[in-house]
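Student: I would like to go through this model by question and answer. Please give the cut-offs as the terms come up.

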Amino acid sequence: MSPTTLYAGSSGDRVYKSIDAGATWSLVYDTLNTHQVNDLAMDPTATSTLYAATWGGVFKSTDAGASWNIVFADCCVFSLAVDPIASAILYAATLIDGMFKSTDAGAIWTAVNTGAPGNRWKSTIAIDPVTPTTLYYSDTNGTGILKSLDAGASWNAANNGLMWSTGVYRVAIDPATPSTLYAATWGGVFKSGDAGANWNAMATLGSTPTPLDLAIDPGNPRTLYAGMNGTGVNKLTQFSDVTGSMDVNGDFIAGGTVFYTVTLANIGFADQSDNPGDEFIIALVPDLTLVSATVMTGGGVVATPALNTITWNGPIPWGEAVEIEIEAIIGPDTEGQVISNQGQVSFDSDDDGVNDSQRTTESPKGGGPTTITVFKEEIIPTLSAMAMVILAFLLAATVLPRKVGNSLRTVVDMKQRS
Ligand SMILES: [Ca+2]
Ligand SMILES: [Ca+2]
């Protein structure tokens, strides 16, 4: 393969070729001239074989673009995909008639639209580079993204979480991790980490202007390029962004046992690694005595009772969270006091393997430090006594229903007589 050889399809009816990595371009063939070229595809195993998706159908060249022959006549073909492993298998997405497939390098084409509606404007195909029987099929006026797991035989919607799912210009697949997808939509760029089952908006690539196309940097799949409507290309490098929240439950009395639940959530779009230093640390205030710490979801937690300190180290994949539970005992002579704690989260905001950013944990009950107000002890027996009275009343009512009924009837009878 010659990575300095490029082909470009033009809406002004031409295919151009460059043999110097794009420095100069020449018109390779102009008999496609009544047919706007919407997409070009290359056979990965025979790079002189090219396919062009046009307003007149699919054209094929076997001589690196010198000559072209029509192999599939259709009013409007928007995009093409070639199976990267079995390169005789082709897909063509059309406007009116939906998706077509050829298994013989373009000689015969068959519609493959089970579960997919026709009439799909600006429809595109993305083919999984590792498992080419997995395909994504999008458009801007229909049902958004459809996914096939059986080489186009059937299609199902894959739009969960996708705002403006009816307006999808492109699905791009991370070549290193094909379960990671990006979608350029009317609502901006979205990312999926689970092969299209769920989508999350990437706020840093917004919807104004609309992203019309996407490309992933093959050398660094964290870097995306988005072609924005009218304003050129935006570059986005994805980083991790970790927040911490800390809730507390238990007996809020002197000597009572309490449990803190710490949640470290990676709300960014890159994985947080286990870098040098602690990703989380908290030193409990002296009114608390640390008992233990447990991590529920990965990484390593260390409780050091002598220092009243807990640390956690580990990775947090993007979109995921880690939960740590801390058990402690409230100290004596704390009645009426407010006990306040806040942990510190560290993360790598620029993907250089060094944690450079810190955040403090926030209480889910309104933000800021996580607080306990220690009850005064005399309140507790009062509440217990009340509970006993209610229990005794309920037991009595269950055992003596008939007597209660008679009393009620007596009251009613007396009222009727008066
Ligand atoms: Ca670490
Ligand atoms: Ca860093």
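Tutor: Two strands pair if DSSP finds at least two bridges between them. Helices (H or I, at least four residues) and strands (E, at least two) are DSSP runs, numbered from the N terminus. This is a predicted model, in which local features need pLDDT of at least 70, side-chain atom pairs count only at pLDDT 80 or more, and totals for chains, interfaces and linings use all residues. Residues are numbered from 1 along each chain as its sequence is written, while chains are lettered from A and ligands numbered from 1 in the order in which they are written.

Student: How many helices and strands does the protein chain have?
Tutor: The count follows from those DSSP runs, taken over the protein chain. Its secondary structure comes to two helices and 33 strands.

Student: What percentage of the residues in the protein chain are buried?
Tutor: A residue is buried if 20 or more other C-beta atoms lie within 10 Å of its own, exposed if 12 or fewer, and partly exposed in between, with C-beta atoms placed from the backbone. The protein chain has 418 residues, and the buried ones make up 34%.

Student: Over how many bridges do S26 and S29 pair?
Tutor: One of the pairs along this ladder is Ser 292 with its bridge partner in S29, Glu 327. S26 and S29 run in the antiparallel sense, and the number of bridges is seven.

Student: What is the strand order of the open sheet that holds S29?
Tutor: On one side, S29 (residues 321–330) pairs with S24 (residues 257–266) over nine antiparallel bridges. Tyr 260 has Ile 326 as its bridge partner in S29, and Thr 261 stands opposite Glu 325. The open sheet has four strands with antiparallel pairing, in the order S23-S24-S29-S26.

Student: Which strands stand at the edges of that sheet, and why is one side of each left without a neighbour?
Tutor: Each edge strand has a single partner strand, so one side of it has no neighbour in the sheet. From one strand to the next the twist averages 20°, with axes as lines fitted to C-alpha atoms (for helices over the stretch in contact) and angles running from 0 to 180 degrees between N-to-C directions. The edge strands are S23 (242–250) and S26 (288–295).

Student: Which residues of S29 point to the buried face?
Tutor: In a regular strand the side chains alternate between the two faces of the sheet. Along S29, Ala 321, Glu 323, Glu 325, Glu 327 and Ile 329 point to one face and are not buried. The residues that point to the other face and are buried are Val 322, Ile 324, Ile 326, Ala 328 and Ile 330.

Student: In S28 and S31, what are the bridge partners of Ile 281?
Tutor: Ile 281 and Ala 283 are on the uncovered face of S25 (residues 280–283), whereas Phe 280 and Ile 282 are on the covered one. S25 pairs with S28 (residues 309–313) over four antiparallel bridges, and two bridges join S25 to S31 (residues 344–347), also antiparallel. The partner of Ile 281 in S28 is Thr 311, and in S31 the partner is Gln 344.

Student: Which residues touch the most other members of the largest nonpolar core?
Tutor: A nonpolar core is a set of buried Ala, Val, Leu, Ile, Met, Phe, Trp, Tyr and Cys residues joined through C-beta atoms within 7 Å. The largest one has 58 residues, and those that touch the most other members are Ala 52, Leu 80, Tyr 91, Ala 92, Tyr 137 and Ala 183. A second, separate core of 24 residues includes Leu 264, Phe 280, Ala 293 and Val 345.

Student: Why does Ala 303 count as partly exposed, and which residues does Ala 303 touch?
Tutor: Ala 303 lies in S27 (residues 300–304) and is partly exposed because 19 other C-beta atoms are within 10 Å. Ala 303 and Leu 290 are 13 residues apart in sequence and 7.9 Å apart in space, C-alpha to C-alpha. Two residues are in contact if their C-beta atoms, placed from the backbone, lie within 7 Å. Not counting residues up to four places away in sequence, Ala 303 touches Leu 290, Ser 292, Ala 293 and Ile 310.

Student: What is phi of Lys 122 near?
Tutor: Most residues other than glycine have a negative phi. Lys 122 is in the loop between S11 (110–111) and S12, and phi of Lys 122 has a positive value, near 50°.
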